[in-house]
Amino acid sequence: MPEQSGKVQTVLGLIEPGQLGRTMTHEHLTMTFECSHVPPAPGDEGLAAAPIEMKHLHWLQQNPYSHSENLLLNQEIEAVKEELLCYRKAGGGSIVENTTTGITRNLPVLRKLAKETGVHIIAGAGYYVDVTHSDETRKMTVEKVCLTDIIVSEVLHGADGTDIRCGVIGEIGTSWPITESEKKVLRATAHAQTQLGCPVIIHPGRNKAAPGEAIRILQEAGGNISKTVMSHLDRTLFDQQELLEFAKMGSYLEYDLFGTEMLNYPFNLDVDMPSDSQRVQALAFLIREGYEDRILIAHDIHTKHRLTKYGGHGFSHILKNIVPKMLSRGITQNQVEKILIENPKQWLTFK
Ligand SMILES: CCC(=O)NCCS(=O)(=O)O
C-alpha cells in the first residue's frame, strides 16, 4: 500500500484530508497556452499585439486566445502570489493545479507559491492534449518503459527532474475525436490509477459525446470512475437529459469555467458559453437530481486577463460572488460546503 493511502499529496508533502479546507479543483497558477492560439479576426491584429490594458479588457474577454501575450500565465508569478494571499483571506484553503506536460508545468514555482502563501497546492501528473504531445510521447507504449511508469513516477517520486510529487493525474487532455496518442495516455492513466489509488481529472474534447467516450476508455482499462473528475462540463454538455445520462456513469461533475463570459467560443462556434447564472442553475439542477456528492467547481484560470491585476475576476470569485449567488438560488450552506470542502476531500484522498 503506498504511503499516500488515506492522505492528500501536495507539492509540500502529504497532508491529512481534513487540512484541505475550501478547494478549487481546477486552476492553473503558471502555464503557457500557445498551443491554443487563435489568429485574430481581420482588423484586430493591432489589438492582438497591444499591451494588456483596461481599455482592451472587453476585447480580451471576447478574444482571449487571440492575444499571444495573454496566453503566457507563466509570466505572472508575483501577481498569482498576491491572488493566492487574497484567496486565503477570502476563506480558500487549497487549489488543484492542473498543468500537465505540454503546457509548461513548473513544479518548483508551485512549491514556492505554496510555501509563501500557505495555500495547499496539489500538482497534476500526465499529459495535455495531442497537439502538445512530443514525438517521444507518441512513440511510447502504454506499458514497458512507458507512459504508465512515467505517470506513476510523477506521483511516487517527483516530476520534471524534481522531487516534487504530483497529487492527481491530470488534467489529462483529450481532443474530439480522441486521438490514438490520447487513448494511450488515457489507458496509462487508468493503469497508473489502479496501482496508486489516486485521483484523476480529465479535459474532454469539445463535443457532447467526448466526456462519455473518455470515461468508457478509462473504464475499459480498469480505471476507478468514482475517483475521476470530468472537467469543463459547462462548455460541453448542455442538454439536461444528456447531462443526467453522463452523470449516471459515476464520475465527479465539474463546472470549472466560472468567471468566463464569452459570446463566440472560438474552439467550437456551435457552443453558447453559459453565464455564471446559468452555471449556478446547472448546479441546482444536478443537486435536485441527487448528485450533490459529485459536484466540483473552479475557475480554470489559464490566461492573464482573468487575474485581478488585469481587471479579471481572480481566484476568489467563487468564494466572494458565486457562493452568495448559490445560496440565493436555494442551494443550502450545507450543500455549498459539500461542493467546496467535502467532495474535493473525498476525491483527493488516495485510497
Ligand atoms: C489548459 C487550460 C484548459 O484546457 N482550459 C480549458 C479551456 S476550454 O477547453 O474550456 O476552452
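**Salt bridges in the predicted model**

Let me begin with one pair: E69 forms a salt bridge with K304, the closest N and O atoms being 3.0 Å apart, where a salt bridge means a side-chain nitrogen of Lys or Arg within 4 Å of a carboxyl oxygen of Asp or Glu. This pair links distant parts of the chain, 235 residues apart, with E69 in the loop between α2 (57–62) and α3 (77–89) and K304 in the loop between β10 (295–297) and α11 (317–328); helices (H or I, at least four residues) and strands (E, at least two) are DSSP runs, numbered from the N terminus. K304 is buried, at 1% relative accessible area, whereas E69 is partly exposed, at 33%; buried means under 20%, exposed over 50% and partly exposed in between, with a 1.4 Å probe and protein chains only. Both residues also belong to a network of salt bridges that links E69, E76, K304 and K309.

I should say that this is a predicted model, in which local features need pLDDT of at least 70 and side-chain atom pairs count only at pLDDT 80 or more, while totals for chains, interfaces and linings use all residues. Residues are numbered from 1 along each chain as its sequence is written, and side-chain values use heavy atoms, with hydrogens and water left out.

Turning to helix α10 (residues 276–288), D276 and R279 both lie in it, three residues apart, about one turn of the helix. Their closest N and O atoms are 2.7 Å apart in a salt bridge, and both residues are buried.

Finally, K338 and E292 meet through their side chains in a salt bridge of 3.0 Å, N to O. K338 lies in helix α12 (residues 333–348) and E292 in the loop between α10 and β10, so this pair ties together parts 46 residues apart in sequence. K338 is partly exposed, at 25% relative accessibility. The structure holds 21 salt bridges.
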